[in-house]
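Student: Please give me a close look at the charged pairs here, and at what surrounds them. I would like to follow the links from one residue to the next.

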Amino acid sequence: MATLQLWEMLKEAIPAYTGLSPATFFTVLALAFAFYYAISGFFSSSPEPRRMRDAPEVVEPLPPPVQLGEITEEVLKAYDGSDGKKPLLMAIKGQIYDVTQSRMFYGPGGPYALFAGKDASRALAKMSFEEKDLTGDISGLGPFEIDALQDWEYKFMSKYVKVGTIKRTVPVADAPPAPAPASDSVEAANVDGAKPAENGQSESATDEQAEQQPAKEAVVGDDAERE
């Protein structure tokens, strides 16, 4: 009963508002829906590719960090990310950390790629990207730069695994000449001291003999006058 009343109302309202008969109105409405679905099909992908696009990418798990121990800076350069089979390493204040999990930052093409495979302590402290600052030498840094480097070190210690240290090469200075033995120096001092004493003694003896010679001559002269 209610359905019939609704249909009678539509039959009266459609001509009044559209000027079309009910049959013409519903025909136009059906064609409009068909046209809409046909046009939208050209601009939308099929449901299957959409599900494929929404599926998460399968990421292979990272290998566990390998402890390297003490290595030189030359060996560290081989872990700059250029070889995908090797871990990505970086050092701060001589301590080497595995930063493979942040390859998007420290790997090739990343914003900090030039720090990989090096001890970049000075560059991190100064926030410098110059080649001359890519070194572990932190001498001459100011207090603010030292604090900045300390913050970087705390970050690496809390986020990455330490896998080794850098072996520093310290030049060996020439050994100073060995001092002379104490006995030789004492003997030399005694000899040097004795020579002036001997010379002084001989000179005093000569002076005494010279003084005694006129006295003897005077005595001989007196004896001659008496005779």
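Tutor: Let's start with K126 and D133, which form a salt bridge with their closest N and O atoms 3.6 Å apart (a Lys or Arg side-chain nitrogen within 4 Å of an Asp or Glu carboxyl oxygen). This is a predicted model, where local features need pLDDT of at least 70 and side-chain atom pairs 80 or more, while totals for chains, interfaces and linings use all residues. Residues count from 1 along each chain as its sequence is written, and side-chain values use heavy atoms, without hydrogens and water.

The two partners differ in their cover: D133 is buried because its relative accessible area is 4%, whereas K126, at 34%, is partly exposed (buried is under 20%, exposed over 50%, partly exposed in between, with a 1.4 Å probe and protein chains only). R122 joins K126 and D133 in a network of salt bridges. In total, the structure holds five salt bridges.

Another of them links K77 and E74, with 3.2 Å between the closest N and O atoms. Here K77 is partly exposed at 47%, and E74 is exposed at 57%.

The pair to dwell on is E153 and K93, whose side chains meet in a salt bridge of 3.2 Å, N to O. E153 belongs to helix α7 (residues 143–159) and K93 to the loop between β2 and β3, so the pair ties together parts that are 60 residues apart in sequence (helices are DSSP runs of H or I, at least four residues; strands are runs of E, at least two). E153 counts as buried because its relative accessibility is 11%, while K93 is partly exposed at 35%.

K93 also sits in the turn of a hairpin: β2 and β3 have two residues between them, and K93 has a positive phi of about 55°. Strand β2 (residues 89–92) pairs with β3 in the antiparallel sense over four bridges (pairing needs at least two DSSP bridges). I92 has Q95 in β3 as its bridge partner.

Q95 takes us on to the next strand, since it stands opposite T165 in β4. Strand β3 (residues 95–98) and β4 are antiparallel, again with four bridges, and Y97 is partnered by K162 of β4. On β4 (residues 161–166) there is also a parallel pairing, with strand β1 (residues 69–71) over three bridges; there, I71 has I166 as its partner.

Now come back to the hairpin turn, where the backbone nitrogen of G94 lies 2.9 Å from a polar side-chain atom of D119. D119 is in the loop between α5 (103–106) and α6 (121–126), and it counts as buried because its relative accessibility is 2%. The side chain of D119 also makes a polar contact of 2.5 Å with that of S121 (N or O atoms within 3.5 Å, a donor and an acceptor within protein, with sequence-adjacent residues counted only between side chains).

Setting aside residues up to four places away in sequence, D119 touches several residues from the story so far, including I92, K93, G94 and I166 (contact means heavy atoms within 4.5 Å). D119 also touches L134, T135 and G136, among others.
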